[in-house]
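Morning, everyone. Please look at the structure on the screen; I will go through its charged pairs and then one part of its surface.

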Amino acid sequence: MHPRPAVITWSLLRLATAVAIVAAVGVQLAVSVTRTAESGGDVATVVANYFSFFTILSNLIAAAVLAWAGVATLTDPEGTRGSLRLSAALACATTYMAITGIVYNTLLRSITLPQGSEPVPWSNEVMHTVAPIVLLLDLLLGTRRRALPWRTVGVILSFPLLWIVYTLIRGPLVTNAVTGEPFWYPYPFLNANLPGGWAMVIAYIVGIAVAFIGVGAFCVWTTRRRARDAREADAVVATSVQQ
């Protein structure tokens, strides 16, 4: 069975977005490494720090999942509708990217970065705005996917929690390659050395965890609602054909 035009359109959009994300991540990395090398900084530390940003990790996850979904839907559109793994992976990627977009645009967009670490404008927008919007549209309007059980919310939450643990353990062990401070955190709200200390950090962690649970639950609920609506529509069509 050949995929329908709508399936082809969404598959190509997924693949195009995956390519744009990889390009955005790669360009920003290349610029960061070049700036560091020119200033005589520690390139290895900068690269390790770069891949410690939740934004970068969530974008790479999103690119991989979108590429998987795009290819799978083009080659086996019926099979992907029943794939629990693909549906769960898309829910994870959508949640991570939605939170990335929300946190950046509400908390981080107006923050001035240290000299020499400014982002590439178009790359920054792809990773923080364009890709999250595409994934949300894919969830709401894209090709049908399998309804997820509610326990999937726990699966969605596991990666962010592991990342927070990793970040808090690694932060005091790394020297900031730009400022020379004896610690490095990818986001200021995880830095207990700033005013507010651990109380601020814990408050942000709790708030962000609640946001992950809320967005993850919304993603799961949406797959269930769309699957139910599709079943009802199929039942109506079947009844009309029989009549």
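I start with Arg225, which has a relative accessibility of 24% and so counts as partly exposed. Keep in mind that this is a predicted model. Which residue does Arg225 pair with? The partner is Asp229, and the closest N and O atoms of this salt bridge are 3.0 Å apart. Asp229 has a relative accessible area of 32%, so Asp229 is partly exposed too. Both sit in helix α8, which covers residues 197–242, and because they are 4 residues apart, about one helical turn separates them.

For the first-years, the general point is short. Side chains can pair if they carry opposite charge and their charged atoms come close.

How many salt bridges does a search of the whole structure find? The search finds 3.

Next comes Asp138. Asp138 forms a salt bridge with Arg14, with 3.0 Å between the closest N and O atoms. Along the chain, these two residues are 124 apart: Arg14 belongs to helix α1, residues 5–38, and Asp138 to helix α6, residues 121–141. The pair therefore links distant parts of the chain.

Asp138 also meets Arg145 in a salt bridge, at 2.6 Å from N to O.

Are these residues buried or exposed? The cut-off for buried is under 20% relative accessible area. Asp138 is at 1%, so Asp138 counts as buried. Arg14, at 3%, is buried, and Arg145, at 10%, is buried as well.

Back to the pair in helix α8 for a moment: Arg225 and Asp229 are about one helical turn apart. Elsewhere, salt bridges with shared partners join Arg14, Asp138 and Arg145 into one network.

Now the surface. Which residues make the nonpolar surface patch? They are Ile133, Leu137, Leu140, Leu141, Trp150, Phe218 and Trp221, and the patch has an area of about 670 Å². Two elements, α6 and α8, give two or more residues to the patch. Of the elements, α6 gives the most, with 4 residues.

Take Phe218 as one example from the patch. Phe218 is located in helix α8. Its relative accessibility is 35%, so Phe218 counts as partly exposed.

To sum up, helix α6 holds Asp138 of the Asp138 and Arg14 pair, and α6 also gives 4 residues to the nonpolar patch. Helix α8 holds the Arg225 and Asp229 pair, and α8 contributes two or more residues to the patch. That is all from me.

Terms used:
Residues are numbered from 1 along each chain as its sequence is written. This is a predicted model: local features need pLDDT of at least 70, side-chain atom pairs count only at pLDDT 80 or more; totals for chains, interfaces and linings use all residues. Side-chain values use heavy atoms; hydrogens and water are left out. A salt bridge is a side-chain nitrogen of Lys or Arg within 4 Å of a carboxyl oxygen of Asp or Glu. Buried means under 20% relative accessible area, exposed over 50%, partly exposed in between (1.4 Å probe, protein chains only). Patches are made of residues with over 30% relative accessible area and no salt bridge: like charges are joined within 9 Å, nonpolar side chains (Val, Leu, Ile, Met, Phe, Trp, Tyr) within 5 Å. Accessible areas come from the Shrake-Rupley method with a 1.4 Å probe; for residues, only the protein chains shown count as cover.
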